[in-house]
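I opened this model to look up three things in turn: the cysteines, the main pocket and a surface patch. My entries follow in that order.

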Amino acid sequence: MSNFTGNWKMKSSENFEELLKVLEVGLVPRKIAVQAASNPAVEIRQDGDNFYIRTATLVRTTEVSFVIGTEFLEQTVDGRPCRSLVRWVGDNKMECEQQLLKGNGPKTSWTRQLTPEGMLILTMSADNVVCTRHYVRK
């Protein structure tokens, strides 16, 4: 099993604004989010299957703790409350399926994967739109 622990710096991001459009984030909040999320500070702490992930931007900080295989509450990337379940997919990748607690909306999920080179790849999906972000350890 890979060790995701570390402080991570984003190197590239693709389709973040498109993802927010599918989630029906309005124009002004979407533009603010795209700018603010262009340089997030990400901290991950891992102890076996126990995870803590903190993502901080200029306008929003999110913190989530979870255990692989155990449902937990968090928020989708656009801030809607959801129930999530993370599972291992091999030794170096986890995937999370999210289910909204209220209302309807696009099907959302995320994955985190460590490459053999030590890069962290985060994907966030809403329906058929996928945002991919690449991170390196600080």
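I looked up cysteine 96 first and found it buried, because its relative accessible area is 0%, where buried means under 20%, exposed over 50% and partly exposed in between, with a 1.4 Å probe and protein chains only. This is a predicted model, in which local features need pLDDT of at least 70 and side-chain atom pairs count only at pLDDT 80 or more, while totals for chains, interfaces and linings use all residues. I number residues from 1 along each chain as its sequence is written, and side-chain values use heavy atoms, with hydrogens and water left out.

Cysteine 82 is likewise buried, at a relative accessible area of 0%. Its sulfur lies 6.8 Å from the closest cysteine sulfur, that of cysteine 96, which is too far for a bond, a disulfide being a pair of cysteine sulfur atoms within 2.5 Å. I therefore count zero disulfides.

Next I turned to the largest pocket, whose volume is about 840 Å³. I note that 39 residues line this pocket, with Arg60, Thr62, Thr76, Val77 and Met124 nearest its centre. Among the elements that each supply at least two residues of the lining are α1 (16-22), β3 (50-56) and β10 (129-137).

Last, I noted a nonpolar surface patch of about 550 Å², made by Leu27, Val28, Ile32, Leu58 and Val59. Of these, isoleucine 32 sits in helix α2 (residues 27-36), and I record isoleucine 32 as partly exposed because its relative accessibility is 46%.

Methods: Patches are made of residues with over 30% relative accessible area and no salt bridge: like charges are joined within 9 Å, nonpolar side chains (Val, Leu, Ile, Met, Phe, Trp, Tyr) within 5 Å. Accessible areas come from the Shrake-Rupley method with a 1.4 Å probe; for residues, only the protein chains shown count as cover. A salt bridge is a side-chain nitrogen of Lys or Arg within 4 Å of a carboxyl oxygen of Asp or Glu. Helices (H or I, at least four residues) and strands (E, at least two) are DSSP runs, numbered from the N terminus. On a 1 Å grid over the protein atoms alone, a cavity is a set of points where a 1.4 Å probe fits but cannot get out, and a pocket is an open set with protein on both sides within 12 Å along at least five of seven lines; lining residues have an atom within 4 Å of a point. Grid points are joined across faces, edges and corners, and a volume is the space filled by probe spheres set on the points.
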